[in-house]
2 protein chains.
Amino acid sequence: MAKDPARKAGRWTTPADEALRWVRGTDLTTLDPAGTPGWTGTRADGEKEMTDRGDELADLQERLFAHGRTGGDRSVLLVLQGLDTSGKGGIVRHVVGMVDPQGVMHRGFGVPTQEERERGYLWRIRNALPRPGYVGVFDRSHHEQVLVVRVDKLEPEETWRRHYGELNEFEAEVASSGTEIVKVALMVSSDEQKKRLAKRLDRPDKHWKYNPSDIDVRLKLPEYLAAYQEMLDRTSTDVAPWYVVPADRKWYSRLAVTELLAGALRSLDLGWPPADFDVAAEKARLAAT
Amino acid sequence: MAKDPARKAGRWTTPADEALRWVRGTDLTTLDPAGTPGWTGTRADGEKEMTDRGDELADLQERLFAHGRTGGDRSVLLVLQGLDTSGKGGIVRHVVGMVDPQGVMHRGFGVPTQEERERGYLWRIRNALPRPGYVGVFDRSHHEQVLVVRVDKLEPEETWRRHYGELNEFEAEVASSGTEIVKVALMVSSDEQKKRLAKRLDRPDKHWKYNPSDIDVRLKLPEYLAAYQEMLDRTSTDVAPWYVVPADRKWYSRLAVTELLAGALRSLDLGWPPADFDVAAEKARLAAT
């Protein structure tokens, strides 16, 4: 029997978008944050696959950018949600970092400013949506409105409960304007989170990443899990599905998001834009200079 | 005599910021666009040096980001000017692409919109300035006001001539607010430009990068050189110096900008921010969770 090199080197036995897509009603507490759904292979295999996939990702992103430059209306929005230490920053650095920074619109969402609060929670989100041709990346997002707002009781329940429907309507509108939405929830275990926080406290070059409030959030993990569960169940839609990515193994979560992002770009099925000028005539003009 | 490995592998015989810094009154037409000022070594040496320097660049950028996250006010602004095909995009992709996209604010400046024209030419520039902790990258910039505006006679001479002083005042203000400014003018030869445009016309995957107006600009090269000459002479200041980078050899221009950007970051002399919390107490809190 012939060897199967793909199998030897590690591979997706189930496509990432299928293995990770949220199925309504799944019990989030049964998810293994150290798992590698859909992927068979070692860490080294995964890292190699990610590097290989990086070239494709860069090519797909350049096609999208070219499409935007020539009047196209498509874009991609990668939404990253996850608790502290779940590795959102590493995803941006290592996955998004594989494509041309010219084609990326990255935005982190922290505590809203006074102006942002007054203008409504979707105002700053709308302002940061990717323009045609761009890959937008949200580090946290409009979904905080049913996460921290719920857990920290920043609004009464009847108010934040209304947001589920608003979020879905908003995303349907964004999708219909040409944006492919990929929402990723990174799930880290309590033990792994503890290790990562300890590392931030141990290393002086990591102190700036630590905030005493990280512990406050950690103490509310069960409340956050409940908030994530309901967010996933209520805001995973056909046009803006959630993918739940185990995040205890960074190599896996980065590989998985690479694959999900590449899949979103691939689904746009963009070729190189045809010339909107007479190529032969331009060649002659250039030759004459 | 002991071998000098640095010499063998290629090295800066004159520091890049010294070798490339514009000296007022230099005749721009005497510059060799195929030169490699300050650098002794082959292309392979240069590429290796750039990769090695990339790690330092990423480390320096992370310190700047950490500084911004902890209340610091410093930032870096890399201004890229250059004619079509001079490789501005490649600099962003290959040099800026070596650092964390989370810490980069990239902005390309095309033909201003109606709103941008009405609000004055510095309005859109101010809006795109890097926030504290960020590396800002301008692909073209406020300097277009004395380049295309002059060459295409978009304003009367008495008007665009006023901009030199305004640009200097503006940059002095930006610098005094904590931004380290590095301005790079990429100089490509007429022959090399012709080759690069021909490539864009030959390859269907490059057609989107070509615009018939590229030839119009090419026919005005002497006027552009005169505009660059005066811009360099009049807007290279102590707080916002111009570096003129030969761009016929892409590996050199990328290596040079890597070195200039690293130098700007290095000059900020930023350590890791000290903890603004009690590390021991936080360790105890974490252990108790």
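Modeller: Let's start with what counts as a helix: a DSSP run of H or I with at least four residues, while a strand is a run of E with at least two, and both are numbered from the N terminus. This is a predicted model, so local features need pLDDT of at least 70 and side-chain atom pairs count only at pLDDT 80 or more, while totals for chains, interfaces and linings use all residues. Residues are numbered from 1 along each chain as its sequence is written, chains are lettered from A and ligands numbered from 1 in the order written, and side-chain values use heavy atoms, leaving out hydrogens and water.

Colleague: Okay, what makes A:Glu49 and A:Arg53 a salt bridge?

Modeller: A salt bridge needs a side-chain nitrogen of Lys or Arg within 4 Å of a carboxyl oxygen of Asp or Glu. A:Glu49 and A:Arg53 have N and O 2.8 Å apart, so the pair passes the cut-off. They're four residues apart in helix 3 (residues 43–69) of chain A, which means about one helical turn separates them. Both also belong to a salt-bridge network with A:Glu56, A:Glu259 and A:Arg266.

Colleague: Why is A:Glu49 called buried?

Modeller: Buried means under 20% relative accessible area, exposed means over 50%, and partly exposed is in between (1.4 Å probe, protein chains only). A:Glu49 has 14%, so it counts as buried. A:Arg53, at 24%, therefore falls in the partly exposed class.

Colleague: How do you know that the salt bridge of A:Lys183 and A:Glu171 links distant parts of the chain?

Modeller: Their closest N and O atoms are 2.7 Å apart. A:Lys183 sits in strand 6 of chain A and A:Glu171 in helix 8 (residues 157–176), twelve residues apart. Both residues are buried.

Colleague: And which chains does the pair of A:Asp202 and B:Lys283 join?

Modeller: The pair crosses from helix 9 of chain A, where A:Asp202 lies, to helix 13 (residues 279–287) of chain B, where B:Lys283 lies. The closest N and O atoms are 3.1 Å apart, so this counts as a salt bridge too. B:Lys283 has a relative accessible area of 37%, so it is partly exposed. Over all chains there are 62 salt bridges.

Colleague: Why does A:Lys206 have no salt bridge?

Modeller: Lys and Arg count as positive and Asp and Glu as negative, with His and the chain ends not counted. The nearest side chain of opposite charge to A:Lys206 is B:Glu62, 4.9 Å away, so the 4 Å cut-off isn't met. A:Lys206 is buried all the same, in the loop between helix 9 (190–202) and helix 10 (213–219) of chain A.

Colleague: What makes the link between the side chains of A:Ser189 and A:Asp248 a polar contact?

Modeller: That term takes a pair of N or O atoms within 3.5 Å; within protein, one must be able to donate a hydrogen and the other to accept it, and residues adjacent in sequence count only if both atoms are side-chain atoms. The two side chains come to 2.7 Å, so the distance fits. A:Ser189 is buried at 16%, and its loop runs between strand 6 (179–187) and helix 9 of chain A.

Colleague: How do you know that the span of helix 3 of chain B agrees with its number of residues?

Modeller: The expected span is 1.5 Å times one less than the number of residues. For its 27 residues that gives 39 Å, and the end C-alpha atoms are 38 Å apart, so the values agree. There's still a kink of about 25° centred on B:Gly54; a bend is the angle between axes fitted to the seven residues ending at a residue and the seven starting there. At the N-terminal end, B:Thr42 acts as a cap, with a side-chain oxygen 3.3 Å from the backbone nitrogen of B:Ala44.

Colleague: Where does helix 8 of chain B bend?

Modeller: At B:Gly165, by about 25°. This helix has 20 residues and reaches 30 Å, close to the expected 28 Å.

Colleague: Last one: why is A:Lys153 called exposed?

Modeller: Its relative accessible area is 70%, so it clears the cut-off for exposed. A:Lys153 also has a positive phi of about 50° although it isn't a glycine. A:Thr85, another residue that isn't glycine, has a positive phi near 70°, but at 6% A:Thr85 is buried.
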